[in-house]
Amino acid sequence: MTYGQGINCKLIGAVFAAAMLAANLAMAEPKHGIAMYGEPALPHDFVSLPYANPDAPKGGTIVSAEGGTFTSLNPHVRKGSVPWQLRFLAYESLMGRSYDEPFTLYTLLAESIETDESRRWVEFSLHPEARFSDGSPVTVEDVIWSYETLGTIGHPRYHGLWQKIETVTQTGPRKVKFTFADQDRELALLVGLRPILKKAQWETADFENSGLDVIPIATAPYVIRDFEPGNYVRLIRNPDYWGKDIGFRRGTNNFDEIRLDFYADGSVQFEAFKAGESSSFRELNAERWENSYDFDAVKTGKIVKSIIPHQRPSGITGFVMNTRKPKFADWRVREALIAAFNFEFINQANTGGRQERITSYFSNSVLSMEAGPAQGRVLEFLEPYAETLLPGTLEGYQLPQSDGSARNRKNIRAADALLSQAGWTVKEGLRQNAQGVPFEITVTLKQGDTESQSMMDIYQQALERLGISLTTEVLDAAQYKERTQIYDFDMAYYRRGLSLSPGNEQMLYWGGYGVDQPGTRNWMGMNSPAAEAMIEKLVSSTSREDFLAAVKALDRILTAGRYVIPIHTSSFSRLAHVKEIKYPKRLPMYGDWIGFLPDVWWYDAQEATQ
């Protein structure tokens, strides 16, 4: 609705317009944060995030040993392999996420946020002190350029939001307003999370094809000081960082220097940590955590083993089947391949049975589907799509379990029957379809992933009993990324983290758009109208009850889709680190996030001398 035209309208129209304007103004007022439901937990004058130590000392260096390599410093385009940490360490957005509140954002580059009750628009006022690392102010022009550039030629993960923005306009010297084309409550939050780039830096550079040729000028506490292609990236804390005194940043970004060292092989990465060449190591293998940390630095206390619990969903980790390939299109084939994967035996062999298995995409959280038949709102949401849902979605689905023995006879028999029902029969010891094409699988792995290779060695033997040939191909990080982004694989190692605040990004993960569009997270090629409907419900929900029901329904569709052979997860992280780096005792809901990023860690100089 446009206001201010009442002079040319009838009196009643003017009165109505004035009343509506007053109502909107009453609902829309500048605030310091925004929540999906209700109000932010922290007051406008909060001293620091609840899990940050506002008195943490500044100084020191932290060195992180990373697997793989990198070919780009621009995390906002599809081209190249980029250190994932740069998205968080080297850039900022209008709003910042609190890892203690799943659906709440607080102002960062923005000084305030306004929206109406329906959330069809949102307006930000830029912080007057917001500066890029070269000292130049952040302008509304920078903001608008960043959104348009990312939304059109940036990474595909940014395109969906841009398509839902109807207009973006400057409404004051430091104000920018976004109006949305859709009724979607989450958009008001999402629009605050896009990185803000310096327009002038890219006027003479090729943003879409940039790699190592441009060191970004951004607003974040850290700037890239130097790098060696494929080997390391060194970031230093900007002493003139504009936001060091705002509550959102107090007690964070405490290290003077962060160095990311890259190793092509996982075992070499671990040996580098043992040799003291890195400060921390995030251990994913429970068996190694128990039996390989008996070296001198651990015995003398120079290295500390920390367990960091969390409440985030498990997400999905395992081996994804590309249903764009006809051999994986039948759910019975996928169920057979899951049954033949003897997780219980593999888990015992690789981790001593210490790892728990992922049971659904949102397991380990309040968002997880419940066992047994769908009930209540979940059933109500799913019933209109009953004819298209795979078996187990409504009735309840559980992963096949073995008795833990190497032979896995029961599941192999079940797999054999399913494959035969799907038209894959055994002739002369080989599994073939009606056209005589043998069933052959190539599993694509990343260089250095020795654990997955070990799993595939065991899996290969099981599939041989079914007449299926399995081979593995090992690619370097750049090749792996390129091949998986264009979906050029049969099966591949797949890891997709999920949050306690799923929203529009779920369409990028599971939407049918990704069947043909390169660069999405929909590696499995699923095309499910029911899944898309659940995503639409969860982003448009006006109550937490409907939101929970929509996510649980989506979890059922994904899990019963049998797209991934899931492996292990954990409700806590194992982090080994030198004793002089510390983290707060008060952990957020996403507790293990501090094991990924050092933003609330600090360096204890006194501890280092002892």
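Leaving aside neighbours within four places in sequence, which residues is V233 in contact with? The legends below refer to a predicted model.

**View 1. Surroundings of V233 in strand β10.** Strand β10 covers residues 232–237, and V233 sits in this strand. V233 is buried, because its relative accessible area is 0%, and buried means under 20%. Neighbours within four places in sequence are left out of the contact list. With those set aside, V233 touches F70, L73 and P83. Contacts of V233 also include I224, D226 and F227. I258, R259, L260 and F262 are in contact with V233 as well.

**View 2. V233 and S210.** These two residues are 23 residues apart in sequence. From C-alpha to C-alpha, V233 and S210 are 17 Å apart in space.

**View 3. Helix α10, mostly covered.** Helix α10 runs over residues 331–340. Of its 10 residues, 8 are buried. The buried residues of α10 are V333, R334, E335, A336, L337, I338, A339 and A340. Two helices pack against these buried residues: α13 and α14 (450–465). Strands β14 (316–321), β18 (440–446) and β21 (564–566) also pack against the buried residues of α10.

**View 4. A patch of positive charge on the surface.** R407, R409, K410, R413 and R465 gather here. Helix α13, residues 409–421, gives the most to the patch, with 3 residues. R409 is found in α13. Helix α13 also appears in View 3, where the buried residues of α10 pack against α13.

Definitions and conventions: Residues numbered from 1 in each chain as written. Predicted model: local features only at pLDDT ≥ 70, side-chain atom pairs only at ≥ 80, totals over all residues. Heavy atoms only, no water. Patch = residues over 30% accessible without salt bridge, like charges linked within 9 Å, V, L, I, M, F, W, Y side chains within 5 Å. Areas by Shrake-Rupley, 256 points an atom, 1.4 Å probe, with all protein chains shown as cover. Salt bridge = Lys/Arg side-chain N within 4 Å of Asp/Glu carboxyl O. Lys, Arg positive; Asp, Glu negative; His and termini not counted. Charge placed at Lys NZ, Arg CZ, Asp CG, Glu CD. Helix = DSSP H or I, 4+ residues; strand = E, 2+ residues; numbered from the N terminus. Buried < 20%, exposed > 50% of the residue type's maximum accessible area, 1.4 Å probe, protein only. Contact = heavy atoms within 4.5 Å.
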